[in-house]
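Subject: The structure I promised you

Hi,

Here is the structure we talked about, and my notes on it follow below. Have a look at it first, then read on.

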Amino acid sequence: KKHYKLCIVGGGAAGISNGSKFGRKLGQGNVCIVEPSEVHYYQPMWTLVGGGVKSLTQSGKAMADVMPQTVDWIKAGAEEFSPENNLVRCSDGTEITYDYLIVAMGLQLHYEKVKGLPEAFQYDGVGSNFSSKYVEKTFRAIQDFKGGNAIFTFPNTPIKCAGAPQKIMYLADDYWTRNNVRDKANISYNTALPVVFGVKKYAAILADLCQRRNLKINYRHNLVEVIPDKKEAVFEHLDTGEKITFPYDMIHITPPMGPLEVLKKSPLADSVGWVDVDKQTLQHVRYPNVFSTGDCSSLPTSKTAAAVAAQCGILYNNLSAIMDSQEPGKKYDGYTSCPLVTSRGKCILAEFDYDLQPLETFPVDQGKERRTMWHLKANVMPEIYWTGLLKGRWAGPGFYRKAMRLGMGK
Ligand code: FAD
Ligand code: UQ1
C-alpha cells in the first residue's frame with residue numbers, strides 16, 4: 001500500500017506531460033505514474049513510418065528515459081478504480097491511495113472486432129499504422145504493391161487522429177506515382193463516415209483533392225471481415241445493410257477503437273466507458289478530486305496529442321486551483337489539430353475547436369497544401385513533443401495564435 005498526493009494513471013503523451021508539471025510543483029515523492037509499458041512511443045510518427053519516411057525505432061524511447069525524475073514510476077497496469085476510497089489497485093498487487101487522481105490511459109484498439117483479424121496480419125499486403133506491431137507491414141505492403149486494388153479503411157467508432165486513415169493513402173499514392181505503378185492502381189478510401197473529414201473547410205478541400213488524384217471515396221462503408229487467403233475485404237454499407245466484397249492487393253486497416261475495459265467497468269466511466277469529465281474544466285462530474293485528459297476522456301473533441309497539449313494547460317490550472325480549495329477557472333475550447341499529410345513533402349494543417357470551426361495558428365490559409373507544414377509535422381513536431389510536451393513545457397499553440405492575431409479574434 002502506498003499513498004501519493006497525486007496519482008497519474010498512464011504514462012503516454014498526457015500522463016508524462018502532467019507528471020512533469022505536477023512533479024515540479026509538488027516535489028519528489030508526492031506524485032506517481034502507473035504505467036506498465038517499457039517503451040514510450042511518439043505515435044504521430046507512425047503515419048510516416050507506414051509511409052516509409054521514418055523508422056519505428058525513431059518513434060520510441062525507453063519509458064525510463066521519459067519518466068520525469070520527480071515522480072515515482074509504478075511499473076504495473078491499473079486494474080481497478082475505487083474512487084469512493086481514493087484507491088487504485090494495480091496488476092502487481094500494489095494499492096495506491098491518493099488525494100488527487102489524473103486518468104490518462106489512452107484507448108484500446110479492437111482489431112478483433114473485424115472478422116479475420118488480427119490473424120490476417122500474418123499475410124503480406126495487410127498493414128496498420130495504429131499499432132507498433134503492424135505499422136512496418138504497411139510500408140512493406142506499399143513497396144510490394146505492383147498494381148491492382150489498394151484499400152484504406154476508416155471504422156465505425158471514434159478513433160485517435162481521425163486524419164491518419166487517409167494520410168497513409170496520400171503517402172501511398174505519392175509513392176506509387178514516383179515508382180511508376182500508379183497507373184496500374186485502383187485506390188479507394190472506404191470510410192464508415194458520411195464525410196471525408198469532420199470540419200467543412202478541410203472536407204471540401206480533401207474531397208476535391210481525392211477527385212483530382214483519382215482516389216475513390218466510398219462513404220458509409222464499414223469493414224467487417226478480411227479474408228486474407230482470397231485477398232478479399234467485406235464491407236457493410238451502413239445505410240442499406242448490404243454486404244459488399246472488395247478484392248484487394250493491399251489493404252491498410254484502421255481498427256475500431258473504444259475505452260479500456262478497466263475504465264468501462266469502473267465508476268469513473270460515462271455510459272460508453274470514457275472517463276466522465278466536464279468538457280470545459282476536465283474535472284470529473286462526480287468525483288471532484290479526479291481529472292482526465294487525452295484519449296480515455298469523454299471530452300467531445302478529436303483525440304490527438306495536439307488536443308492533449310492544449311488540455312494540459314487547462315488541467316494544470318484547474319487542478320492547482322482545486323488543490324488550493326478554489327474553483328477551476330480555465331475553460332477548454334476543444335482545440336485539436338490534425339496535420340493532414342497529403343504527399344511526401346506537403347501537408348494541410350487542420351486546427352479546430354468543439355464547434356468544428358477552424359482555429360488556425362499561422363497567419364496564412366492552412367487549408368492549402370504547404371511544404372512548411374510538412375516540415376513542421378515531420379521535423380519540428382517530434383522535437384516539440386519530446387522536449388516540450390513531455391517536459392511539461394508545451395500547452396499547445398494557443399498563446400502563439402493569440403499573439404499572432406494581436407489579441408483580436410479567437
Ligand atoms: P497514449 O499516448 O496512447 O498513452 C496511454 C498510456 O496508457 C500508454 O502508455 C499505455 O501503456 C498506458 N496504459 C494502458 N493501459 C494501462 C493501464 N491499465 N494502467 C496504466 N497505464 C495504462 N496526434 C496528433 O496530435 N497529431 C498527429 O499527427 C497524430 N497522428 C497519429 C497517427 C497515428 C497512426 C496514431 C496511432 C496516433 C496519432 N495521433 C496524433 C494521436 C496521438 O498519438 C494520441 O492522441 C495521444 O498519444 C494520446 O495521448 P494519451 O496520453 O491520451 O494516450
Ligand atoms: C501539437 O501541439 C501536437 O502536440 C505536441 C501535435 O502532436 C504531435 C501536433 O500534431 C500538432 C499539429 C500540434 C499543434 C502545434 C502547432 C505548432 C500548430
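Into which domains is the chain divided? There is domain 1 (2–108 + 258–323), then domain 2 (109–257), and finally domain 3 (336–404). Before you go further, please keep in mind that this is a predicted model.

Let me start with how two of those domains meet. The C-alpha centres of domain 2 and domain 3 are 25 Å apart. On the domain 2 side, 18 residues are in contact with 20 residues of domain 3. About 1400 Å² is buried between domain 2 and domain 3, and 68% of that is on carbon and sulfur atoms.

Now for ligand 1. Its surroundings are made up of 32 residues, and the closest are A14, E35, A78, A305 and A306. Three polar pairs are worth finding on your screen:

- E35 has a polar side-chain atom 2.6 Å from an oxygen atom of ligand 1.
- A78 has a backbone N or O atom 2.8 Å from a nitrogen atom of ligand 1.
- A306 has a polar backbone atom that is 2.8 Å from an oxygen atom of ligand 1.

How much of ligand 1 does the protein cover? On its own, ligand 1 has 1000 Å² of accessible area, and the protein covers 90% of it.

As for where that shell comes from, α1 (13–26), α2 (46–50) and α8 (305–323) each give at least two residues to it. The largest share, 3 residues, is from α8. In terms of domains, both domain 1 and domain 2 supply at least three residues each to the shell around ligand 1. Sorted by class, this shell holds 16 nonpolar, 11 polar and 5 charged residues.

Next, ligand 2. Which residues are closest to it? They are Y42, S337, P339, M381 and W394, out of 13 residues that surround ligand 2. W394 places a polar side-chain atom 2.8 Å from an oxygen atom of ligand 2. Of the 440 Å² of accessible area that ligand 2 has on its own, the protein covers 96%. Two or more residues of the shell come from each of α8, β20 (336–343) and β21 (346–352). The class count here is 10 nonpolar, 2 polar and 1 charged. Domain 1 and domain 3 each give at least three residues to the shell around ligand 2.

So look for α8 at both sites: it supplies residues to the shell around ligand 1 and to the shell around ligand 2. Domain 1 likewise takes part in the shell of ligand 1 and in that of ligand 2.

A few loop residues also caught my eye.

P300 sits in the loop between β19 (290–292) and α8. Although P300 and Y354 are 54 residues apart in sequence, their C-alpha atoms are 7.1 Å apart in space. Setting aside neighbours within four places in sequence, P300 is in contact with K279 and Y354.

R370 is placed in the loop between β21 and α9 (371–389). Its C-alpha is 5.3 Å from that of C347, with the two positions 23 residues apart in sequence numbering. Again leaving out neighbours within four places in sequence, the contacts of R370 are G345, K346, C347, V364 and D365.

The last two concern the backbone. Most residues other than glycine have a negative phi, and most peptide bonds are trans. What is the peptide bond from L117 to P118, cis or trans? It is cis, with omega near 5°. P118 lies in the loop between β9 (108–109) and β10 (126–127). Then there is N180, a residue other than glycine with a positive phi, near 60°. You will find N180 in the loop between α5 (164–178) and β12 (185–191).

If you would like a place to begin, try ligand 1 and its pair with E35, then move over to ligand 2 and W394.

Cheers

Key:
Residues numbered from 1 in each chain as written. Chains lettered and ligands numbered in written order. Predicted model: local features only at pLDDT ≥ 70, side-chain atom pairs only at ≥ 80, totals over all residues. Heavy atoms only, no water. Near = heavy atom within 4 Å. Polar contact = N/O pair within 3.5 Å; in protein donor to acceptor, adjacent residues only side chain to side chain. Areas by Shrake-Rupley, 256 points an atom, 1.4 Å probe, with all protein chains shown as cover. Helix = DSSP H or I, 4+ residues; strand = E, 2+ residues; numbered from the N terminus. Nonpolar A, V, L, I, M, F, W, Y, C, P; charged D, E, K, R; others polar. Domains from an automatic or database assignment. Contact = heavy atoms within 4.5 Å. Buried area = accessible area lost by both parts, 1.4 Å probe.
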